[in-house]
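New to this one? Here is a relaxed walk through its main parts, with a few odd spots along the way.

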Amino acid sequence: MTRTTARTVHLRAAGVSFVVELSHPLPRILHWGADLGELTDEDTAALSLTAEGAVLNSSFDTPRQFTVWPTEAEGWSGTPAQLGHRGGAATTPRARLVEAHEGPGELVLRLADDIGELDITLTYRLDASGVLSVRTDLTRQLGGEGQDPAPYDLAGVTALLPLPHRAGEILDFTGKWCREVSPQRGRLGFGSHVREVRRGRPGADSPYLLTAGVPGFGFRTGEVWGMHIGWSGNQRWVAERLPEGAGVHGAALGGGELLAPGEVRLAPGDSYSSPVCYFVWSLDGLDGLADRFHQHLRARPTHPASPRPLTLNTWEAVYFDHRLDRLLELADLAAETGVERLVLDDGWFTGRRDDTAGLGDWTVDGTVWPDGLTPLADRVHGHGMQFGLWVEPEMANPDSRLAREHPEWLLAPSAGPGPTWRHQHVVNLAHDDAWSYLLTSLDDIVTRYSVDYLKWDHNRDLHEAVSRGAGGLDRPGVHAQVAALYRLLDALKARHPGLEIESCASGGSRVDLGVLARTDRVWASDCNDPVERQAIQRWTGQLLPPELVGTHVGAPHSHTSGRDTAASFRHLTALFGHAGIEDDLTARTPEERAGLKRWAELYKELRPLLHSGRVVRADLDGEATLLHGVVAADASAAVYCWVRVATSPRAQSGRVQLPGLDTRGRYRVRIRDEAGLPALHQTSGPAWFTAALGGWVTLPGAVLGGAGLPMPTLDPGQALLFEAAALQ
């Protein structure tokens with residue numbers, strides 16, 4: 001029997017292959033995962049042949065296929081790629097391939113759904129890091145005379161890729177305020193693992209990164225497949241395993257925007273663009289996934305290129321106490337300590353003496369600041385530091401001029417806003433006048449005070465998020481709100497190309513690649529307690545490289561957890577990110593400030609490596625101890641942190657392998673004590689540790705990365721920093 005094979009497109013990069021057969025009526029996905037090498041015609045024919053599954057009992061009379069646009073039309077009983085209707089009809093889409101375009105690392109498929117009267121464009125891009133991005137654009141066809149004028153109500157678009165049967169375990173995340181990105185793992189059984197985000201932002205309980213892998217995968221080992229939704233609004237994540245499989249594949253992984261009923265209604269000529277979904281495969285465990293994402297982000301033209309300035313944020317130093325003399329003293333001490341950017345947090349604008357009033361009125365409070373912000377901004381700039389401001393443009397207190405004079409600017413039902421959250425409501429950025437007011441206000445403040453940096457906060461979920469319509473016909477507004485936010489950020493940056501912006505949302509409630517396409521870092525959590533931060537930063541780093549994550553040294557007593565911690569532990573925890581200080585330097589002793597200064601110098605020395613190298617994390621037994629680090633791309637240098645967050649029954653660690661080093665090379669190893677040394681929970685440390693306290697110790701890579709080093713047993717709440725440098 002002769003088999004005719006349709007043309008096959010093979011995207012390859014960084015050890016990854018994505019293979020699509022341009023079959024009709026719909027292309028089907030033959031493979032996503034490990035690189036298959038250069039495929040000959042015979043190879044592609046074999047791949048196509050083996051993509052034909054069996055005809056099952058009590059099933060369709062033809063084998064099921066897994067296409068680029070899975071729906072019931074080809075026998076797919078899982079989450080469909082497209083959901084919607086036109087006036088209650090046209091609910092069974094039958095997309096067909098119209099044309100395909102292939103370019104370097106890119107496949108663009110144009111489909112047509114004649115039932116829904118939609119043109120569909122699927123764009124796949126496989127970049128040099130092996131990250132596969134998927135975007136969908138839908139346009140309602142202009143059919144001319146006789147076309148049904150009813151809008152097409154789009155209920156959902158989901159980007160889906162196949163998973164093999166061996167991907168039997170899943171990992172995603174949950175959390176709360178001050179305990180974001182908390183991992184949760186489980187078996188991928190039959191049925192659908194679905195996470196829906198209905199907060200109008202990703203939330204502290206964001207799924208963040210949905211990963212499937214071979215059972216038992218870890219940081220350094222195991223084949224894994226991951227997916228992230230690059231969108232700052234409502235989301236839907238799914239990992240799905242059906243008894244009949246997904247074609248010859250075992251399951252499906254996907255996601256997209258979660259749309260409210262009636263939120264997207266496409267009249268003839270109207271279009272909808274989905275969020276970009278990012279799919280990543282690795283044979284090297286979670287560190288392999290993270291490395292691909294980090295390379296992807298670092299390759300962006302908008303990725304921060306200058307050294308990440310050591311930052312002092314004033315919130316936990318002064319809160320709402322904006323006395324100029326106190327802030328000037330803080331700025332002077334910050335400069336002495338080595339700070340390179342000072343950010344004035346909440347409390348500088350009109351009526352803002354606490355969090356119950358003033359939000360939305362973006363003018364300087366003349367009572368508190370009779371000369372404006374100029375005296376502080378000039379002092380900060382005079383020290384050679386950058387000057388930053390906290391803003392929360394998407395929110396307004398009921399007790400504000402904005403809310404009193406423009407209630408129609410609120411994103412709330414015509415019947416009136418619901419309960420406040422942190423004493424605030426949401427401003428409807430999709431309202432043209434509100435959007436223009438915010439752009440003008442922010443532009444004026446940035447221009448007037450030469451603001452270098454905005455800490456852009458977002459302190460509540462979006463509930464009953466509707467735009468008010470005539471006659472009480474309110475329309476769902478989350479999609480439009482996020483799109484308007486992106487336009488506002490883009491417009492402000494266009495006016496101020498050097499301006500940097502941080503995405504903060506009650507800490508880490510808006511950390512996604514959509515907002516990061518137009519901001520420069522995120523605030524991972526409002527918690528600066530190093531015990532909590534070790535876990536938060538460890539998992540935030542699964543998606544983001546250290547230079548994009550704000551990591552600050554807090555006070556000895558954490559105001560969010562009530563825990564007291566050692567200075568060295570706070571210093572070393574904050575070192576592995578875009579470091580800063582969240583503390584009142586005027587309350588610290590000269591000795592404490594001297595310790596911060598030594599730590600600041602250490603950060604500046606190590607940040608070229610910390611912000612360019614590969615993040616590595618060791619697979620250890622239990623959660624009481626952690627080993628993480630950053631290794632240069634060529635393995636010529638590394639810095640590691642050995643951490644104990646709790647006690648454990650084990651008296652000794654045993655040998656711990658240092659990930660990422662060249663086991664064929666030789667290295668010098670030394671302890672770095674500039675940020676302080678840990679307290680030991682033993683009489684003395686291992687011999688290598690004692691020797692490395694006095695200077696460099698030469699050890700082979702086979703011992704460091706192969707056999708491993710016996711690590712000292714630390715007291716809980718302690719950390720040890722050491723570095724390795726390859727011998728030439």
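How many bridges pair strand β26 with strand β29, and in which sense do the two run? Four bridges do the job, and the pairing of β26 (residues 453-456) with β29 (residues 500-503) is parallel. Within that pair, tyrosine 453 sits opposite glutamate 500 of β29. Keep in mind throughout that this is a predicted model.

**The barrel**

Those two strands belong to a closed barrel of eight strands with parallel pairing, in the order β21-β22-β23-β26-β29-β30-β31-β32. From one strand to the next, the twist averages 30°.

Helices lie across parts of this barrel. Helix α5 (residues 374-382) lies across β22 (341-344) and β23 (386-391), and runs at about 140° to β23. Helix α10 (residues 567-575) does likewise with β31 (549-553) and β32 (578-581), running at about 165° to β31.

Two further helices meet each other: α4 (residues 324-337) packs against α11 (residues 590-610) at an angle of about 50°, and their axes are 8 Å apart. That angle makes α4 oblique to α11. On the α4 side, the contact is made by Leu333, Glu336 and Thr337, while α11 brings Arg593, Leu596, Lys597 and Ala600. Sorted by class, that gives three nonpolar, one polar and three charged residues.

**The open sheet**

Further along the chain there is an open sheet of six strands, ordered β33-β34-β35-β40-β37-β38, with antiparallel pairing. Why do β33 and β38 each have one side without a neighbour in the sheet? Both stand at the edges, β33 (614-617) at one and β38 (697-700) at the other, and each has a single partner strand, so one side is left without a neighbour. Direction ignored, neighbouring strands here are turned by 25° against each other on average.

Two of the pairings in this sheet can be followed down to single residues. Strand β34 (residues 625-631) joins β35 (residues 637-644) over seven bridges, in the antiparallel sense, and valine 630 has valine 639 of β35 as its bridge partner. Strand β37 (residues 666-672) is linked to β38 by four bridges, again antiparallel; here arginine 666 is partnered with proline 700 of β38.

In a regular strand, side chains alternate between the two faces of the sheet. Strand β38 shows how that looks: Val697 and Leu699 point to one face and are buried, whereas Thr698 and Pro700 point to the other and are not.

**What sits inside**

In soluble globular proteins, nonpolar side chains tend to be buried together. The largest nonpolar core here has 151 residues, and Trp32, Trp348 and Trp599 are the ones that touch the most other members. Helix α8 (residues 478-495) gives this core its largest share, nine residues. Leaving aside neighbours within four places in sequence, Trp348 is in contact with a list of residues that includes Trp362, Trp369, Leu389, Trp390 and Ile445.

Loop residues can be tucked away too. Serine 232 is in the loop between β15 (224-230) and β16 (235-241), yet its contacts beyond four places in sequence include Gly200, Val482, Tyr486 and Asp512. Serine 232 and tyrosine 486 are 254 residues apart in sequence, but their C-alpha atoms are 9.3 Å apart in space. Threonine 314, in the loop between β21 (311-313) and α3 (315-318), has Tyr319, Leu327 and Asp345 among its contacts beyond four places in sequence.

Here are the relative accessible areas of some single residues:

| Residue | Relative accessible area | Class |
|---|---|---|
| Threonine 314 | 1% | buried |
| Serine 232 | 1% | buried |
| Valine 181 | 8% | buried |
| Tyrosine 319 | 29% | partly exposed |

**A few oddities**

Most residues other than glycine have a negative phi, and most peptide bonds are trans. Against that background, valine 181 has a positive phi, near 40°, and its place is in strand β12 (residues 179-187). Tyrosine 319 has a positive phi as well, near 50°, and lies in the loop between α3 and α4.

Where does a cis peptide bond turn up? One joins histidine 24 and proline 25, with omega at about 10°. Proline 25 is in the loop between β2 (16-21) and β3 (28-34).

Note on methods:
Residues are numbered from 1 along each chain as its sequence is written. This is a predicted model: local features need pLDDT of at least 70, side-chain atom pairs count only at pLDDT 80 or more; totals for chains, interfaces and linings use all residues. Side-chain values use heavy atoms; hydrogens and water are left out. Two strands pair if DSSP finds at least two bridges between them. Axes are lines fitted to C-alpha atoms, for helices over the stretch in contact, and angles run from 0 to 180 degrees between N-to-C directions. Buried means under 20% relative accessible area, exposed over 50%, partly exposed in between (1.4 Å probe, protein chains only). Angles under 35 degrees count as roughly parallel, over 145 as roughly antiparallel, 65 to 115 as roughly perpendicular and the rest as oblique. Contact means heavy atoms within 4.5 Å. Ala, Val, Leu, Ile, Met, Phe, Trp, Tyr, Cys and Pro count as nonpolar, Asp, Glu, Lys and Arg as charged, and the others, Gly among them, as polar. A nonpolar core is a set of buried Ala, Val, Leu, Ile, Met, Phe, Trp, Tyr and Cys residues joined through side-chain atoms within 4.5 Å.
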